[in-house]
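Here are my notes after going through your model. I kept to a few places where the side chains have something to say.

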Amino acid sequence: MTLQTTKSHTVHGGVLRYLKHDSVVTGTPMTLSVFQPAGEGPFPVVIWLSGLTCTEDNFTTKAGAYEAAARLGLIVVAPDTSPRGPDLKGRAVADDAAYDLGQGAGFYVDATEAPWALHFRMETYVTQELIGLIDEAFPTTGARSISGHSMGGHGALTLALRHPDLFRSVSAFAPISSPTRCPWGEKAFTAYLGEDRTEWARHDAALLIEGGAAKGRFDDILIDQGEADSFLVGQLKPELLTAAAGAAGQKITLRMQPGYDHSYFFMASFIADHLAFHAERLEADTVEKVGNCHGRRGLIHSGH
């Protein structure tokens, strides 16, 4: 299994690659972008998870993350938000008609319900296959953090809370804080996970924090939320995170940003803060495999 470079750009002294590969986990081609700063490394990694309707290109072209990533010495990885394809086996086109379900809306869970279970396995894709590919193909230290926006903010929080040994830190922009208690989450979880709400709770950031999943694992969780976000009240509900953190004795830094909405203008305004937040914690992390991180770039191939 190899990563194929479809195009690359020099930016802030580093290299931004658009990549694709055939995924064993999803059974489909998957796409992503990877920014590598100048120098031989090794570098720690920040994985970015995007929101509803996005591909890897939204963050890559709109967030303005790479000046800070270059300065801080971070590899930044942005995968697509779901499997894609016009003829995915086991899934009718009608199932994929809504913007908040199906392609572009994987919700970073492993679906258990037909017809989604065959391909929509985004939790395993990110936490196993993607991480393995990046560590093999790029000069990484083996230390990584995770962040995301909206649906991807939900994904960043829940994947970090469910797999805390994989991530040194976690942050989010305007996350879906409690998908079991908002229309987006209820729709997606019913389709992907079925009717059992106890299974839903295993993928709900507020409930996981309330249950102590972050305690002793993350010293702080950084969250930025725009006060002018049209989804704030009905879908995002950051107050549920702060209430959960209070109940569990977990530190969360929730910054309510006046005037900011749900767009990438919001993320571009504060992405450097988030990368600095992660860089500080990644630098403090001791990784035993640093010495084994060189000379592993043979899995990246150019071509179209």
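1. Let's start with charge pairs. This is a predicted model, and it holds 13 salt bridges. Three of these pairs are picked out in the next points, along with how open each partner is to the outside.

2. Asp80 pairs with Arg84, and their closest N and O atoms sit 2.6 Å apart. The two ends have unlike surroundings: Asp80 counts as buried at 3% relative accessibility, whereas Arg84, with 28% relative accessible area, is partly exposed.

3. Asp219 and Arg281 make another salt bridge, with 3.0 Å between the closest N and O atoms. This one ties together distant parts of the chain, 62 residues apart: Asp219 lies in the loop between helix H7 (205-210) and strand E8 (222-226), and Arg281 belongs to helix H10 (residues 264-284). Here the acid is the partly exposed partner, as Asp219 has a relative accessible area of 46%. Arg281 is buried, at 11%.

4. Next, have a look at strands E8 and E9. The side chains of Arg255 and Asp224 meet in a salt bridge, 2.8 Å from N to O. Again the pair links distant parts of the chain, with Arg255 in strand E9 (residues 253-257) and Asp224 in strand E8, 31 residues apart. Arg255 is partly exposed, with a relative accessible area of 25%, while Asp224 is buried at 0%. Going back to the pair in point 3, salt bridges with shared partners join Asp219, Arg281 and also Glu280 into one network.

5. What about disulfides: how many does a search of the whole structure find? The count is zero. Take Cys54: the closest cysteine sulfur is in Cys182, and at 17 Å that is too far for a bond, because a disulfide needs the two sulfurs within 2.5 Å. Looking from the other end, Cys182 has Cys54 as the closest cysteine sulfur, again at 17 Å. Both cysteines are tucked away from the surface: Cys54 counts as buried at 7% relative accessibility, and Cys182 is buried with a relative accessible area of 1%.

6. Now the nonpolar interior. The largest nonpolar core has 90 residues, and Phe59 and Tyr192 are the ones that touch the most other members. For Phe59, setting aside residues up to four places away in sequence, the residues touched are Trp48, Ser50, Ala65, Tyr66, Val76, Ala78, Tyr264 and Ile271. If you want a place to begin browsing the core, try Phe59 or Tyr192, given that they touch the most other members.

7. Last, Ser82. Is this serine buried or exposed? Ser82 counts as buried because its relative accessibility is 1%, under the 20% cut-off. You'll find Ser82 in the loop between strand E5 (75-79) and helix H3 (122-137). Its side chain reaches the backbone nitrogen of Gly104 at 2.7 Å. Gly104 is also on the contact list for Ser82, which, leaving aside neighbours within four places in sequence, includes Gly102, Gln103, Ala105 and Gly106 as well. Met30, Phe120 and Met122 are further contacts of Ser82.

Key. Residues are numbered from 1 along each chain as its sequence is written. This is a predicted model: local features need pLDDT of at least 70, side-chain atom pairs count only at pLDDT 80 or more; totals for chains, interfaces and linings use all residues. Side-chain values use heavy atoms; hydrogens and water are left out. Helices (H or I, at least four residues) and strands (E, at least two) are DSSP runs, numbered from the N terminus. Buried means under 20% relative accessible area, exposed over 50%, partly exposed in between (1.4 Å probe, protein chains only). A polar contact is a pair of N or O atoms within 3.5 Å; within protein, one must be able to donate a hydrogen and the other to accept it, and residues adjacent in sequence count only if both atoms are side-chain atoms. Contact means heavy atoms within 4.5 Å. A nonpolar core is a set of buried Ala, Val, Leu, Ile, Met, Phe, Trp, Tyr and Cys residues joined through side-chain atoms within 4.5 Å. A salt bridge is a side-chain nitrogen of Lys or Arg within 4 Å of a carboxyl oxygen of Asp or Glu.
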